[in-house]
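Trainee: I would like a close look at one single part of this model, together with whatever it packs against. Please take it slowly, and say how the terms are defined as you go.

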Amino acid sequence: MDTLLQQLINGLTLGAVYALVALGYTMVYGIIGLINFAHGEVVMIGTMVAFTVIVSLAGSGMPPLLILGIGLLVAVVACMVLGWGLERVAYRPLRHAPRLTPLITAIGMSIVLQNIAMIIWGRNYITFPPMIDKQIYEFAGASFTNVQVAIVVLAALVMIGLTYLVQRTRMGMAMRATAQNQHVALLMGVDIDRVIAMAFIIGSALGALAGCMVGSYYEIAHYQMGFMLGLKAFTAAVLGGIGNMAGAMAGGLLLGIIEALGAGYIGDLTGNFLGSHYQDIFAFMVLIVVLMFRPSGLFGERTGDRA
Amino acid sequence: MNMLEVNGLRVSYGGIQAVRGISFHVSEGEMVALIGANGAGKSSTLRALARLLEPAGGNVRYRGKELLQVPPHALVTEGIALVPEGRGVFPRMTTLENLYMGAYARNDRAAVARDLEHVLGLFPRLKERAQQVAGTLSGGEQQMLAIGRALMSKPRLLLLDEPSMGLAPIMVQKIFEVIRTVASEGMTILLVEQNAKLALEVSQRGYVMESGEITVTDESTRLLADPKVRAAYLGE
């Protein structure tokens, strides 16, 4: 029982992060039908930028939480610029190219960003300095930290804010209209270029936030960390139904929980033949199962909706 | 006074010319019909005016302005609204949200609220369906919504692309009643229709298109009486 609760708590934390990253995939896919495989790298750059800012401010005598806040803010802004730049430089010129072309470009950008990060931050694991004075709480035999609470609460607040933005604001209306029928949105006076840029900018900001969460949670960063994280968040987006924002949130949480439960019980299930370091296989088992039995995902929309 | 003056408009798809240098005009307050067989280039003409297609040549003067210089998303602020062929409602938005999208480019909230009342008055059915997701509306209701949405932009020039297409006769009648009403309120309308009889009955003037060219033009009543037009387009 205590394992179950413990893994649910861990899964919720991980799932909150996946959900934020999955939103970046799904927003871009919903609007231009592109799977932006460089998004995981945007998250990684977010972690790295926050790392650099935090390390360089560490000796300044500012309160640690303020330093973390500044690191987060700089990372978010840097990633917004990066996301905007990616769209502008790599994807916009290919707007009318066959679908495969931007997809391959996305993979290319992912490699480019990884290598740039390797040049700047090196090829070794770096320690993400813990800025939150960690406290451990016990609850019904399971334990969790204030970092986990902060991650889940912050992610929930951001997702509520994003839902409000998309459902209630003028920009959100424009984004939904563009996703549903780009030509007609243009007729209504929506500046399509701007909407597409916004999808990248918002998605990248969420990615930067997720990157800082991952850094604070695992206290470690690496130039290749975006690859696996990106693939898993992509899986979460597919699980929820790619292009659907509520789906990305639900898919992220669900995937985090599946993964944590898998990691918690894999030893018992296989007579300790496989250990918890095999946890990565669960995400991809989920991906395969979803693609086989329900390719449109849990909240999937019929593809016929796209004009 | 001519609201719209089209000169030598050409539209190509790849190497194929769908519209071969046509010229026509629409005066303020009049309804003009563009009729012709399937594939004659009528829809291409409208889509080029709304810039869903980039014209291959020619020029378009609209209220004294060179229209092809205006960026596509700014056309609606210039007062041009297209009701696209196939309606193009936003399927996962409600009826009301679709109507508000029509007013997306406007920022006069009070006037938008008045226009919404007006549109819902023209189409009481839309009022009943206000909170329903547009993808679940019937074809006729979607056509009402598409027209209502275009009116929400407070256009000076309304471009209608095949509003009768795929609708039951009773629904076609309803839609055209509203088109008549809107026209009688002073709206300038360019109507593309395969149903030539219907189009010529509601419009003042008509142009007949054949293989990308305008072959005949006259007042609608005279086109309706023209034996050649009757034979070719009115099924007689």
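Mentor: What follows is a walk around one helix and its surroundings, with a few words at the end on the partner chain.

This is a predicted model, in which local features need pLDDT of at least 70 and side-chain atom pairs count only at pLDDT 80 or more, while totals for chains, interfaces and linings use all residues. Residues are numbered from 1 along each chain as its sequence is written, and chains are lettered from A and ligands numbered from 1 in the order in which they are written.

The part I have chosen is helix 1 of chain B, residues 42–49 (helices are DSSP runs of H or I with at least four residues, strands are runs of E with at least two, and both are numbered from the N terminus). Eight of its eight residues are buried, so the helix is largely enclosed by the rest of the structure; a residue is called buried if 20 or more other C-beta atoms, placed from the backbone, lie within 10 Å of its own, exposed if 12 or fewer, and partly exposed in between. The buried residues include B:Lys42 and B:Arg47 as well as B:Leu46, B:Ala48 and B:Leu49. After the helix comes B:Arg51, with a positive phi near 65 degrees.

What encloses this helix is best seen one sheet at a time. In chain B, four strands make an open sheet with antiparallel pairing, in the order 2-1-4-5 (two strands pair if DSSP finds at least two bridges between them). Strand 2 and strand 5 (65–66) are its edges and have a single partner strand each, so one side of each is left without a neighbour in the sheet. Strand 1 (residues 2–13) of chain B runs antiparallel to strand 2 (residues 16–27), to which nine bridges join it; B:Leu9 is placed opposite B:Ile22, and B:Ser12 opposite B:Gln17. These two strands form a hairpin with two residues between them, and in its turn B:Gly14 has a positive phi of about 60 degrees. Strand 1 of chain B is also joined, by five bridges and again antiparallel, to strand 4 (residues 57–62), where B:Asn59 faces B:Asn7. Helix 1 of chain B lies across strands 1, 2 and 4 of this sheet and runs at about 70 degrees to strand 2; such angles go from 0 to 180 degrees between N-to-C directions, with axes fitted to C-alpha atoms, for helices over the stretch in contact.

The second sheet of chain B is also open, with six strands in the order 6-7-8-3-9-10 and mixed pairing. Its edges are strand 6 (80–83) and strand 10, each with a single partner strand, so one side of each is left without a neighbour in the sheet. From one strand to the next, the twist averages 15 degrees. Strand 3 (residues 31–36) and strand 8 (residues 188–193) of chain B run parallel and are joined by five bridges, with B:Val192 as the bridge partner of B:Leu34. Helix 1 of chain B packs on this sheet too, touching strands 3, 6, 7 (157–161), 8 and 9, and its direction makes about 145 degrees with that of strand 7. Towards the edge, strand 9 (residues 205–210) of chain B is joined to strand 10 (residues 213–219) by six bridges and runs antiparallel to it, with B:Arg205 and B:Glu219 as bridge partners. Two residues lie between the strands of this hairpin, in which B:Ser211 takes a positive phi near 45 degrees.

Chain B also touches chain A, in a contact that takes 18 residues from chain B and 17 residues from chain A (two residues are in contact if their C-beta atoms, placed from the backbone, lie within 7 Å). On the chain B side, helix 2 (75–78) and helix 3 (95–102) each supply at least two residues. Chain A itself has eleven helices and four strands, and its pLDDT, the predictor's confidence in each residue from 0 to 100, averages 93. One stretch calls for care: over residues 302–307 of chain A, pLDDT stays under 50. Where pLDDT is low, the predicted coordinates should not be read in detail.
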